[in-house]
Amino acid sequence: MKALIETIVTPLVDHPEEIEINVKEEEHKVVYHLTVHSEDVGKVIGKNGRIAKAIRTVVYAAGSDLKKRIYLDIM
């Protein structure tokens with residue numbers, strides 16, 4: 001899942017070397033914390049959050065076969 005998130009986000013940012021994805025796994029959920037360079041936050045979130053919503057939709061669909069709920073936080 002980390003590779004999928006990185007593959008989606010890398011073309012959107014100007015500083016791909018600063019993409020960091022941390023995983024926190026709990027009993028009923030998995031939380032992915034995406035951190036990018038401060039200049040790239042707007043590019044990942046998009047106008048009115050459209051890009052962030054699209055990224056989350058793809059990640060949730062890819063993880064639908066898991067028994068745990070998946071969350072993506074953009075920091």
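Two strands are said to pair if DSSP finds at least two bridges between them. Helices (H or I, at least four residues) and strands (E, at least two) are DSSP runs, numbered from the N terminus.

The model is predicted: local features need pLDDT of at least 70, side-chain atom pairs count only at pLDDT 80 or more, and totals for chains, interfaces and linings use all residues. Residues are numbered from 1 along each chain as its sequence is written, and side-chain values use heavy atoms, with hydrogens and water left out.

**Exercise 1. Determine how strand β1 (residues 20-25) is joined to and paired with β2.**

Step 1. The connection from β1 to β2 is a hairpin of three residues.

Step 2. The two strands pair in the antiparallel sense, over six bridges.

Step 3. Bridge partners can then be listed: E20 is matched with T35 of β2, and N22 with H33 of β2.

**Exercise 2. Establish the strand order of the sheet and identify its edge strands.**

Step 1. Strand β2 (residues 29-35) also pairs with strand β3 (residues 69-74), here in the parallel sense over six bridges. The partner of H33 in β3 is D73.

Step 2. The result is an open sheet of three strands in the order β1-β2-β3, with mixed pairing.

Step 3. β1 and β3 are the edge strands, since each pairs on one side only.

Step 4. Direction ignored, neighbouring strands of this sheet are turned by 20° against each other on average.

Step 5. Five of the seven residues of β2 are buried, where buried means under 20% relative accessible area, exposed over 50% and partly exposed in between (1.4 Å probe, protein chains only).

**Exercise 3. Describe the packing of helix α1 (residues 2-9) against helix α3 (residues 50-62).**

Step 1. The helices pack at an angle of about 155°, and their axes are 11 Å apart. Axes are lines fitted to C-alpha atoms, for helices over the stretch in contact, and angles run from 0 to 180 degrees between N-to-C directions.

Step 2. α1 is therefore roughly antiparallel to α3, a term for angles over 145 degrees.

Step 3. The contact (heavy atoms within 4.5 Å) is made by L4, I5, I8 and V9 of α1 together with I55, V58, V59 and A62 of α3.

**Exercise 4. Locate N48 and characterise its backbone and its accessibility.**

Step 1. N48 lies in the loop between α2 (41-45) and α3.

Step 2. Most residues other than glycine have a negative phi. N48 is not a glycine, yet its phi is positive, about 60°.

Step 3. N48 counts as exposed because its relative accessibility is 71%.

Conventions
Angles under 35 degrees count as roughly parallel, over 145 as roughly antiparallel, 65 to 115 as roughly perpendicular and the rest as oblique.
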